[in-house]
Amino acid sequence: MKLATIRVNGTTRAVRIDDDKAVDLGESDLVTFLRHSDWAARAANADGETYEGALDYAPVVVAPEKVVCVGLNYRTHILEMGRELPSHPTLFSKFARALVGAYDDVTLPASSTQMDWEAELGVVIGAEVRHADTEQARAAIAGYTVLNDVTARDWQYRTTQWDQGKTFEATTPIGPWLVTADDPAVAPQGLSLSCEVDGDTVQKADTGDLVFDPATLVAYLSEIVTLVPGDVIATGTPGGVGHARKPARYLQDGSLLVTRIEGIGETRNTCRLETR
């Protein structure tokens, strides 16, 4: 199944995406919907109001409690940055205001000149989980989505802590939907992932290159904090980021950023320079 949050008449609705329409799930957004312990059955059996035609996709998760990101998690990216493979995940966080919808504009902050792309597989939590083993962690995953961790490199590397470069407002497209973990179209290991900037393929990888897979990340994070429905884990980006190029390349006003994952879908965002 594909589940999403769409904008309708000045508000948002959680929906199931069918081939030619969206079916209302009875809640205002997907985070609220996933709090039902039987959300999967509710989604499969939903027969509420339908929405047809062009849909306005909000971030697939609106105001999640947590967005946890993983750095240095693709072998190729680690090597291109001149680092050794990690023994533990490198973690940082985003605030919810960083998120935008799958087709919304991405804001390039006026205070940065080094905005970079990072195509990522997003994991959405569907059940509360704490101190999980691998099987419990896997069972807590609602599904997978597309995300781009657009990053202000000049802010990221001001200090050894990365958050300031990672959570600028309206910089992180996510969506357009999550594909539930039981869908045969997805398996977290072995999905083709790519990123295009103005028609140029700048990143192309396979999620099988992840050092720490989704279930391992969920289990690890659950040792630190309780994960709850609607939480997002951004699993890291592969090689090909602009900052590592010679010469470096960054997103510009008007750049078209397309992030695509096999079996899930794509985000397509125009980058716009912030006006104050």
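Which residue is the bridge partner of V70 in β7? In this predicted model, the bridge partner is L91.

**Strand β6 and its neighbours**

V70 is part of strand β6 (residues 67-71). Since buried means under 20% relative accessible area, and 5 of the 5 residues of β6 are buried, the strand is largely enclosed by the rest of the structure. Both faces of β6 are covered, with V67, C69 and G71 buried on one side and V68 and V70 buried on the other. In a regular strand, side chains alternate between the two faces of the sheet.

Strand β6 pairs with β7 in the antiparallel sense and with β17 in the parallel sense. In the pairing with β17, V67 stands opposite V232.

The table lists strand pairings, including one that involves β15.

| Strands | Sense | Bridges |
|---|---|---|
| β6 (residues 67-71) and β7 (residues 90-94) | antiparallel | 5 bridges |
| β6 (residues 67-71) and β17 (residues 232-234) | parallel | 3 bridges |
| β15 (residues 192-197) and β16 (200-206) | antiparallel | 6 bridges |

**The five-stranded sheet**

An open sheet of 5 strands runs in the order β9-β19-β18-β15-β16, with mixed pairing. Its edge strands, β9 (106-108) and β16 (200-206), each pair on one side only. On average, neighbouring strands of this sheet are turned by 20° against each other, direction ignored. Where β15 meets β16, S194 has K204 as its bridge partner.

**A nonpolar surface patch**

L91, the bridge partner of V70, also belongs to a nonpolar surface patch of about 310 Å², together with Y220, I224 and V225. I224 lies in helix α7 (residues 214-224). I224 counts as exposed because its relative accessibility is 52%, and the cut-off for exposed is over 50%.

How values were computed
Residues are numbered from 1 along each chain as its sequence is written. This is a predicted model: local features need pLDDT of at least 70, side-chain atom pairs count only at pLDDT 80 or more; totals for chains, interfaces and linings use all residues. Side-chain values use heavy atoms; hydrogens and water are left out. Patches are made of residues with over 30% relative accessible area and no salt bridge: like charges are joined within 9 Å, nonpolar side chains (Val, Leu, Ile, Met, Phe, Trp, Tyr) within 5 Å. Accessible areas come from the Shrake-Rupley method with a 1.4 Å probe; for residues, only the protein chains shown count as cover. A salt bridge is a side-chain nitrogen of Lys or Arg within 4 Å of a carboxyl oxygen of Asp or Glu. Helices (H or I, at least four residues) and strands (E, at least two) are DSSP runs, numbered from the N terminus. Buried means under 20% relative accessible area, exposed over 50%, partly exposed in between (1.4 Å probe, protein chains only). Two strands pair if DSSP finds at least two bridges between them. Axes are lines fitted to C-alpha atoms, for helices over the stretch in contact, and angles run from 0 to 180 degrees between N-to-C directions.
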